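This report describes a single protein chain for a reader who has its sequence and coordinates at hand.

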Amino acid sequence: MKLGRVDFPLPDMPRLGLAAFRNRIVFHLVFVALALATLALALALLNEERQRNAQRYEQTFAKSLAEIVAQLRHPSGQLALMNPEPAQVDAGWVAPLVLPFAAIDFDDATKAQRAVDMAGCALQYPGGASLCTAVGSNAYAGGFVYLVAGLDAPPLVSRARGTLELADVHRVSISLMRDGVVQHWLAPVEMLDAQRGQLPGFTVSEAGNTTTLPYKARPQRDFRGWVWREGPCLSTAEPCPRRTTVSIRLPVEAFREALFRPGGPQWPPADLSRTGLSLALLGPGGATLFDSAASIGQPPLTLARLSGTLAPGETLQIKRGNNLVALLQGAEEAGAPPSPWLTTLIQHLPAPAMPHTLQARDTVTTPAGRFDITLTGDLQGLDRSLSASAARLAWPVGAMLASIALAWLIIEMGLIRRVASLTQRAAALSHQLQRPDEKRFELGTLDVADLRGRDELGILAGSLSDLLQHARDSLRREQLRAEREHDQWHAVGHEIMSPLQSLMLLHAGDSDPSRRYVQRMQQAVKVLYGQASPSEALAAATLAVGRLDVDAFLRQVAENAAYAGIADVAYTPGEPVWAQADEYPLEDAITHVLTNADRYRVAGTPVTLALRVEGELALVDIHNQGPHIADEQLTRIFDYGVSDAEPEDGVRRGQGLFVAKTYLAKMGGSIAARNVEDGVVFEIGLRRS
């Protein structure tokens with residue numbers, strides 16, 4: 001017989017001691033220590049790098065100031081010191097700068113170009129063109145503006161002396177804007193030879209479009225200009241372009257007036273940054289070879305550019321006397337911005353043994369006076385730089401910590417937690433085995449469905465579960481075998497008791513010699529009858545179902561009921577009704593029902609049998625007058641062991657209606673109970689034949 005699986009839940013697990021979790025605690029502590037060691041290593045390296053940066057910065061701090069001062073002492077640096085204010089002229093105009101030397105030797109091309117290159121005053125334009133507009137640093141050199149331009153130009157067409165028409169010659173157009181008033185000069189090229197020419201300057205009413213000089217126009221006396229064509233051809237094209245230098249000294253009456261103002265000369269002029277100039281080299285036919293107003297030139301060195309040489313957190317202060325000339329701050333490093341939380345962490349690391357603020361001073365002497373240079377360094381700037389660098393390199397540490405966390409999660413979820421779960425279930429099962437007070441021992445289930453797998457732990461858990469299941473099945477089979485054997489004896493005793501009861505009525509007299517033997521048989525059967533339930537024996541019983549005249553059968557049952565100890569059983573015969581049934585089990589089933597009806601009927605009232613036909617069924621109604629059955633008990637009274645009768649020999653029975661239901665089910669019939677007005681009716685249904 002195939003046994004079904006019956007699971008018994010494990011009892012509450014007993015509290016385990018600390019020793020049961022020792023390995024798990026050690027495992028967690030190892031991973032925590034590994035994560036802390038990784039963080040400690042990262043912090044140690046970060047602190048070491050911070051101290052190394054601080055020491056290196058302290059060693060190079062003075063050198064940084066020396067490099068800045070050396071740059072400012074160069075003429076280009078002096079040019080930036082002497083011109084700290086940005087130009088305030090409109091686009092298309094170039095503001096003249098104050099030179100770090102008295103004047104430009106504009107009559108010599110080499111000296112003029114060398115002065116421009118040394119001072120770095122030239123604006124760089126696309127195509128290699130350049131233009132320097134400046135005034136001398138010495139007021140007594142005169143109120144002049146110097147314009148030195150360099151560009152690539154073809155051979156220049158020269159003007160014949162006395163010619164007023166300039167449309168077919170090369171010419172230089174110059175404009176000066178000061179206090180909203182614009183002055184224009186036109187200087188035609190007069191070549192003295194193939195490499196050199198002069199530029200006489202004529203005052204005109206407008207610039208650019210002027211192609212004709214006024215009648216009897218004379219060049220301005222203090223306007224001096226030269227043009228030089230030098231070097232080899234710059235390309236194989238014809239005509240041959242060469243590097244051309246234009247050098248002009250432009251007189252400005254307002255500057256001259258400033259030299260002779262009451263109280264001494266004022267130099268440079270106060271409105272120099274608001275003075276604008278433009279220069280254009282025009283060719284025959286209206287062609288423009290160069291125009292400073294056409295595009296924006298790249299400015300020369302300014303003090304603002306020195307900010308790029310400062311480290312983050314450094315401050316450069318430039319003063320002339322008590323006047324602050326410039327205050328420059330080192331820019332933060334490009335790239336990832338510093339992380340606020342990482343910067344805070346770095347600042348809380350052990351500080352290096354050096355002051356947080358460094359300071360160095362020096363001076364630069366120029367024709368405009370002496371400038372005091374002060375460089376201040378702050379280690380917090382190094383911390384921000386280190387924070388930006390560490391933020392870019394923080395992902396390896398994060399990856400290591402993530403790997404540690406992932407390894408912990410895999411081992412914890414894949415092994416440790418499964419081991420702990422298996423340990424808890426095994427401990428609960430062991431605790432159950434140690435309880436001897438149970439009347440019936442049941443071996444609990446070790447459910448390891450969630451622990452099975454192809455790894456070692458999964459194989460171990462599966463093997464333990466299979467072994468325990470085998471033990472449970474063996475135990476259950478042994479228990480069922482003992483119960484079945486006991487039930488069989490009980491069933492035999494139960495079935496023998498009914499006919500023995502009838503024999504006791506037939507041999508009721510005390511003088512009847514058979515009475516003693518019947519009583520001995522009853523006593524022997526009672527020993528078997530009180531031991532177990534007959535459910536298994538009844539389930540295994542086989543009935544011989546055939547055609548039965550239910551009307552004749554009921555008449556016989558009513559007549560013989562008195563011999564079973566049930567008096568006043570009434571039945572009114574009728575026509576024959578044939579049904580499928582086994583006569584003796586059916587009589588046993590009806591006798592059990594009559595016994596229950598006799599127990600609960602009102603004294604002096606009969607138990608009636610009635611037969612009726614409904615369709616394919618022959619229905620037998622057994623009615624007794626008495627108390628109703630509770631509604632919730634109408635179906636349960638047919639279950640084994642359900643009875644409110646007084647115990648017999650100390651054991652409650654409740655199996656007669658169960659036997660009746662079992663026999664009727666094997667015959668294809670049914671039995672049910674219902675309450676009626678004056679009592680209870682048991683309805684037995686049989687299939688008609």
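The sections below treat the overall fold, the disulfides, the salt bridges, a surface patch and one buried residue.

## Overall architecture

The model is predicted. Its chain holds 13 helices and 24 strands. Of the 689 residues, 40% count as buried.

The exposed area of the chain is about 37100 Å², and carbon and sulfur atoms account for 55% of this area. Among contacts between residues at least 6 apart in sequence, 69% join residues at least 24 apart.

## Disulfides

The count of disulfides comes to 2. Numbering the bonded cysteines along the chain gives the pattern 1-2, 3-4.

One disulfide joins Cys-121 to Cys-132, with an S to S distance of 1.9 Å. The torsion about this S-S bond is about -105 degrees, so the link between Cys-121 and Cys-132 is left-handed. Cys-121 is located in the loop between α3 (109-119) and β2 (123-124), while Cys-132 belongs to strand β3 (residues 130-135); the pair therefore ties together parts that are 11 residues apart in sequence. Both Cys-121 and Cys-132 are buried.

The other disulfide is formed by Cys-233 and Cys-240, whose sulfur atoms are 1.6 Å apart. The link of Cys-233 and Cys-240 is left-handed, with -135 degrees about the S-S bond. Cys-233 counts as partly exposed because its relative accessibility is 37%, whereas Cys-240 counts as buried because its value is 11%; the cut-off for buried is under 20% relative accessible area.

## Salt bridges

Side chains of opposite charge can pair when their charged atoms come close. In this chain the count comes to 13 salt bridges. A network of salt bridges links Arg-612, Glu-614, Asp-621, Arg-674 and Glu-683.

Within this group, Arg-612 meets Glu-614 in a salt bridge at 2.5 Å, N to O. Arg-612 also forms a salt bridge with Glu-683, where the closest N and O atoms are 2.6 Å apart. The pair of Arg-612 and Glu-683 links distant parts of the chain: Arg-612 lies in strand β21 (residues 607-614) and Glu-683 in strand β24 (residues 679-687), 71 residues apart. A salt bridge at 3.2 Å, N to O, joins the side chains of Arg-674 and Glu-683.

Four of these residues can be described by their accessibility. Arg-612 is partly exposed, with a relative accessible area of 25%, and Glu-614 is partly exposed at 46%. Glu-683 counts as partly exposed at 24% relative accessibility, as does Arg-674 at 33%.

## A nonpolar surface patch

Leu-406, Trp-408, Leu-409, Ile-410, Ile-411, Met-413, Leu-415 and Val-419 form a nonpolar patch on the surface. Together they have about 670 Å² of accessible area.

One member of the patch, Trp-408, is situated in helix α7 (residues 394-433). Trp-408 counts as partly exposed because its relative accessibility is 31%.

## The surroundings of Asn-624

Is Asn-624 buried or exposed? Asn-624 counts as buried because its relative accessibility is 4%. Asn-624 is part of strand β22 (residues 617-625).

The side chain of Asn-624 reaches the backbone oxygen of Ala-597 at 3.4 Å. When neighbours within four places in sequence are left aside, Asn-624 is in contact with Ala-597, Tyr-600, Arg-601, Val-607, Asp-678, Gly-679 and Val-680.

Technical notes
Residues are numbered from 1 along each chain as its sequence is written. This is a predicted model: local features need pLDDT of at least 70, side-chain atom pairs count only at pLDDT 80 or more; totals for chains, interfaces and linings use all residues. Side-chain values use heavy atoms; hydrogens and water are left out. Patches are made of residues with over 30% relative accessible area and no salt bridge: like charges are joined within 9 Å, nonpolar side chains (Val, Leu, Ile, Met, Phe, Trp, Tyr) within 5 Å. Accessible areas come from the Shrake-Rupley method with a 1.4 Å probe; for residues, only the protein chains shown count as cover. A salt bridge is a side-chain nitrogen of Lys or Arg within 4 Å of a carboxyl oxygen of Asp or Glu. Helices (H or I, at least four residues) and strands (E, at least two) are DSSP runs, numbered from the N terminus. Buried means under 20% relative accessible area, exposed over 50%, partly exposed in between (1.4 Å probe, protein chains only). A polar contact is a pair of N or O atoms within 3.5 Å; within protein, one must be able to donate a hydrogen and the other to accept it, and residues adjacent in sequence count only if both atoms are side-chain atoms. Contact means heavy atoms within 4.5 Å. A disulfide is a pair of cysteine sulfur atoms within 2.5 Å.
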